[in-house]
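Reader: I keep meeting words like "buried" and "paired" in structure notes. Could you take me through how such labels are earned here?

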Amino acid sequence: MPAKILVTEVIAPEGLAALEARGYEVDVKLNLSDSTLRAIIGDYDALIVRSATNVDKALLEAGKNLKVVGRAGVTCDNIDIEAANALDIIVCNAPTSNIVSAAEHTFALILACARRVPQANQSMHAGNWNREQFKGVELYGKTLALFGLGRVGGAVAERATAFGMRVLAYDPYCNPERATSLGVKLINDLDVILEQADFISVHLPVTSTTENMFGPEEFAKMKTGVIFVNTSRPAILDLNSLADFVAARKIASCGVDVFDDEPCYNSPLHSLPNAIITPHISALTEEAQVRSGVQIADYVWAGLEGSLVPTALTATGSAGEMSRHIAPFVPAANMLGRMVSQIKGSVPRIVKVKMMGNLAELDPTVLVTSVLEGLLSSNYTQCSTMLEAKRYAERHGVDIDCSGTDVAGEYAAGIEIVADDICISSTVFGSEKLPRITSILDYKIDVAPTKHSLIFEYEDMPGVCGIIGTVLGNHGINISTMQIANSDDGTKALVYVNVGKEVSDEIIEEFHEAINLKYLFRISL
Ligand SMILES: NC(=O)C1=CN([C@@H]2O[C@H](COP(=O)(O)OP(=O)(O)OC[C@H]3O[C@@H](n4cnc5c(N)ncnc54)[C@H](O)[C@@H]3O)[C@@H](O)[C@H]2O)C=CC1
Ligand SMILES: O=C(O)C(=O)COP(=O)(O)O
């Protein structure tokens, strides 16, 4: 029987034809409700979606025959990749298919805001001839600040240079050499870049460090009369606040392509004449759609045939798939990457990954890629060979290497990273394969980190744990785990504390005043 593929959003006919030509049965069923989709998914071997289909854990679990989920486009935030990983379902995308289209639409919005094209068009269609009302501003000689200098941000930078703009970027994970080669000045200080920009365009993925990056405080710091464009994801900003600043004309105009709860028929921007809004059409060009349809057809085919899927976002389907030992370590590797960057306060420049015990002889690509994602706080790094991973790291100014050792201490397998002067190792444990930290900064511990934690190091003295508990208790913050470790010579101690919520700067200050601290690190995973 031929494999069956369900397509739930509009995909270019060229992509569908490529799948049919390979003998698959392809069903295109648009606008299905979540419950209908769950009811029928069990019949299919593969599912192809774009951004509007909610591929959650329940759907993946209902897909009893599902082997591949293909995303015809870039961003997979509508797909539960962790659940897919656990179910051995391949998730893949077409990561470069719509970059040019997204960059061009960004410029369509920048120009529409600067020259008020939609408003002038509407006025003429209403039978008016009001030239003076539509006086605009030039891009030439103005400063454009890009947030995120990745694939789309880089393509916008190239186009902005052609308009004679001065281009700045905020992207702490970008290799300065990449910025220089794009003619962009990196300014990784939010206040400094915000106050210089005449135009701001956002090209960030949604991560814990970018969510809600723009709210009232940031909008207030912008120049009066700034033009603000977001074609990335809605979660990056507070839309109500953006609308307030646009209504007050502090922001002269905004261009927005992405909304919460799409399709969106009503938002705070809908009633504002100086807000140019488009219904998530950045990727919607003939060319990008053909590219994404044809690419995803290829990758879904590869997945169904059991071949390597070059853009697999899951351990299954990727270069490292040969081992079931590897998959449970993917979240641990990501966690180590995140922790190291947060402990250092910046992306480390020299990183050594050690695969220990049972992992020593296996292909490290997936784990090294996952460490990189954690280090760079990015969601979708795609490397199918170590060479690609090294090149990707190099683009971000990181020199990454990997080695193996049979020794894993008391554990069957583990992974260690040494980044500049910081060393952390981890294993996975229990039926849920939860990542655990087994050593940190030369202290042996055994903790499963939760979303928020604190790491204290201090000259050992009695009473410190009591102080930590009291300060957190005074601020209504629960402790779920507290573990103490002593240095080999007994003079110093480290306390690892999992806490119930994020700890503010003020509380950190309080700790510094109350304890003779060597270090205090705040981790958010
Ligand atoms: N509206 C649409 O149809 C489309 C939207 N997109 C969206 O555009 C955005 C950018 O996509 P790509 O360029 O492909 O992503 P990318 O992953 O190539 O680039 C993202 C950049 O953001 C940087 N970054 C990560 N965390 C940061 C932080 N805290 N502060 C500053 N910079 C940070 C990374 O270093 C990277 O350079 C994504 O949100 C994507 O979902 C992409 C294509 C189409
Ligand atoms: O690829 C992306 O990130 C997009 O946002 C494009 O979404 P779409 O494929 O047009 O539903």
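Reader: What makes G255 part of a strand pairing, and which residue in β12 stands opposite G255?

Author: In this predicted model, G255 stands opposite I276 in β12. Strands pair if DSSP finds at least two bridges between them; β11 and β12 (residues 275–277) have three, in the parallel sense, so they count as paired. Helices (H or I, at least four residues) and strands (E, at least two) are DSSP runs, numbered from the N terminus.

Reader: How do you know that β10 pairs with β11 too?

Author: Same kind of check. β10 (residues 226–230) and β11 share five parallel bridges, and N230 has V256 in β11 as its bridge partner.

Reader: What makes β10, α11 and β11 a unit, and what is its handedness?

Author: Together with helix α11 (residues 239–247), the strands β10 and β11 make a right-handed β-α-β unit. Right-handed means that, with the strands pointing away from the viewer, the path from the first strand over the helix to the second runs clockwise.

Reader: Why is Q289 called buried?

Author: Buried means under 20% relative accessible area, exposed over 50%, partly exposed in between (1.4 Å probe, protein chains only). Q289 has 14%, so it counts as buried. Q289 lies in helix α12 (residues 286–305). A83, in helix α4 (residues 81–86), has 6%, so it is buried as well. As for β11 (residues 251–256), five of its six residues are buried.

Reader: Which residues does Q289 touch?

Author: Contact means heavy atoms within 4.5 Å. Not counting residues up to four places away in sequence, Q289 touches V10, A12, R50, A283 and L284. With its neighbours within four places left aside, A83 is in contact with K57 and L60.

Reader: What makes the link between T75 and ligand 2 a polar contact?

Author: A polar contact is a pair of N or O atoms within 3.5 Å; within protein, one must be able to donate a hydrogen and the other to accept it, and residues adjacent in sequence count only if both atoms are side-chain atoms. A polar side-chain atom of T75 lies 2.3 Å from an oxygen atom of ligand 2, so the pair fits. For R71 the distance is 2.8 Å, and for N98 it is 2.9 Å.

Reader: What are the ground rules for all this?

Author: Residues are numbered from 1 along each chain as its sequence is written, and chains are lettered from A and ligands numbered from 1 in the order in which they are written. In this predicted model local features need pLDDT of at least 70, side-chain atom pairs count only at pLDDT 80 or more, and totals for chains, interfaces and linings use all residues, while side-chain values use heavy atoms, with hydrogens and water left out.
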